[in-house]
Each structure stands twice: as structure tokens, then as C-alpha cells.
Amino acid sequence: MIFILIIADVVGGDGKISDLVKLIVAGIGSICTACLSLMYYQKDKDKELSLRYITGKRLDWINDTRKLTGDLCANIAQFIHDNGDDKGKVRDEIAGTLSSLYVRYNLNDENDRVLLDVLDYMFVGVLCFEMMEKSYGTANAKNKLVEAAKLLTIHSQIYLKVEWERVKLETTYSGDEAKKDKVVKQKMADLRLNLYEQAKNNSKTYKKILDDGLSGLSINEVYKKIKSAAEDDPCKYGKAK
């Protein structure tokens with residue numbers, strides 16, 4: 001009975017919808033629009049907060065990795081020049097730093113593998129330094145570690161530069177979201193290739209490797225591998241299409 005009275009009230013005698021119904025519909029529409037706007041705003045806000053959190057963590061990772069790498073190279077320099085009682089202590093510090101760096105990289109990633117191989121070489125070189133002295137002489141044993149530290153430095157600089165640029169691009173990207181991952185990967189692949197090319201042209205120190213165990217990790221060799229990959233798979237590299 002109540003329902004009939006409401007219908008009778010909102011619908012005029014001529015069967016047309018009254019102004020009251022129009023107001024109700026308009027009000028409901030406004031409420032729905034406001035709810036949808038709030039929902040999308042909250043979704044965008046959550047996405048922004050999530051991205052900000054992830055970006056902060058990645059920047060912390062980059063800074064911590066850079067510091068660990070610097071500490072490691074400094075300890076290597078101290079190790080090869082220290083003939084006193086502190087040599088064992090420095091060796092322990094190097095082993096700890098090497099382990100901390102090692103777990104930061106991905107065993108299954110080709111880019112990370114270069115750094116992991118250099119770290120492996122340094123780990124063995126430090127732990128078995130006395131054996132290397134007997135086999136190659138003290139001067140050559142020291143040179144091998146110095147060469148490894150130089151390679152680690154430049155490979156790390158390139159790696160961390162690429163990661164830093166990746167963070168900046170992902171946080172400022174304003175293009176098609178569906179193409180974001182592909183665009184970022186292409187730009188980072190191009191950047192890595194360009195950085196290795198610059199290093200190859202500017203760093204005479206890295207063109208001659210003293211030890212066969214490091215020959216495949218030289219700047220020239222890594223550049224050749226990346227260049228070959230760009231030619232074999234141009235879709236992976238934005239400029240190589």
C-alpha cells in the first residue's frame with residue numbers, strides 16, 4: 001500500500017515522472033560519481049605509497065651496495081700492504097664483506113653474474129693468498145687482487161648506475177602503462193651497453209688482464225658479449241631495432 005502511494009506521488013496523473021524523481025536520480029548519480037572518484041583516488045594513493053616504499057628500499061640497496069663495495073676495495077688495499085698481525089683480522093673483514101655483497105646479487109641474472117664471478121675470484125684470492133704467493137710470487141699475487149678490485153669497481157659502477165636510472169625512470173614514467181616494463185628494459189639495456197662502451201674506450205687499465213681467471217670478465221670481453229646480444233636480439237635494445 002505504501003509503495004503504491006509513493007508511486008502515485010512521484011508519478012503525475014498524466015503518467016509523467018515528477019520533478020522529485022528527477023532530483024532523486026540526479027542525487028543517486030552524484031553519490032555514485034563521488035564514490036567512484038573516491039575509490040580511484042584511494043587506488044592511486046595506495047599505488048603511489050607502494051611505489052614510494054619500493055623506491056626507498058631500492059635506493060637503500062644501491063647506497064648500501066656502493067658502500068660495501070668501497071669498503072671491500074679499501075680492505076683489499078690494506079690486506080696486500082699489511083704484513084703485520086692485523087692481516088688475519090683484515091682477511092676476516094674481507095670475507096664478511098664479500099659474503100654480504102654476494103647475497104645481494106641474483107645468481108640467475110646475466111648482469112649480476114659478472115659481479116658474482118669477480119667476487120668469487122677475490123674470495124679465493126684472499127683466502128688462498130699465501131698459496132698464490134708461493135705459486136706466482138708476492139708481487140704477482142698482489143697484482144691479481146688489485147686487478148680484481150679494479151674490475152669489481154668499474155663493473156659495480158656501471159651496474160649501480162643502471163639501477164639508479166631504472167629507479168628514476170620507473171618513478172617518472174608517464175607513457176602507456178602496458179608498455180612500461182618493455183620500455184624500461186630496453187632503455188636500461190641500451191644504457192648498460194653505452195656505459196661499457198665508454199669504459200672500454202676510456203679505461204686503458206682494463207684492456208690487459210694479468211690472469212686467465214679474469215680474462216672473461218674484462219671490460220672488453222663483457223662489452224663484446226653485450227654488443228653481440230644486442231645484434232642477436234635487437235628487440236631487447238631500443239636503439240638496435
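Contacts across the sequence come first: in this predicted model, 65% of the contacts between residues at least 6 apart in the protein chain link residues at least 24 apart. The chain has 9 helices and 0 strands, so the run of elements from the N terminus reads simply α-α-α-α-α-α-α-α-α. Of its 241 residues, 34% are buried. The chain exposes about 15200 Å², with carbon and sulfur atoms supplying 57% of that area.

Now for the inside. The largest nonpolar core holds 48 residues, and Leu72, Ile76, Phe79, Ile94, Met122 and Leu152 touch the most other members. Elements giving two or more residues to this core are helices H2 (19-81), H3 (87-102), H4 (110-127), H5 (129-136), H6 (138-172), H7 (180-202) and H9 (219-232). H6 is the top contributor, putting in 13 residues. As for general background, nonpolar side chains in soluble globular proteins tend to be buried together.

Ile76 gives a good look at how such a core member is surrounded: setting aside residues up to four places away in sequence, Ile76 touches Ile94, Met122, Val126, Leu145 and Ala149. Two of these partners, Ile94 and Met122, are themselves listed with Ile76 among the residues touching the most other core members.

Next to that comes Asn75, which sits in helix H2. Asn75 counts as buried because its relative accessibility is 12%, below the 20% cut-off. Outside its neighbours within four places in sequence, Asn75 is in contact with Val90, Glu93, Ile94 and Thr97. Ile94 therefore turns up in the contact lists of both Asn75 and Ile76.

Terms used:
Residues numbered from 1 in each chain as written. Predicted model: local features only at pLDDT ≥ 70, side-chain atom pairs only at ≥ 80, totals over all residues. Heavy atoms only, no water. Helix = DSSP H or I, 4+ residues; strand = E, 2+ residues; numbered from the N terminus. Buried < 20%, exposed > 50% of the residue type's maximum accessible area, 1.4 Å probe, protein only. Contact = heavy atoms within 4.5 Å. Areas by Shrake-Rupley, 256 points an atom, 1.4 Å probe, with all protein chains shown as cover. Core = buried A, V, L, I, M, F, W, Y, C linked by side-chain atoms within 4.5 Å.
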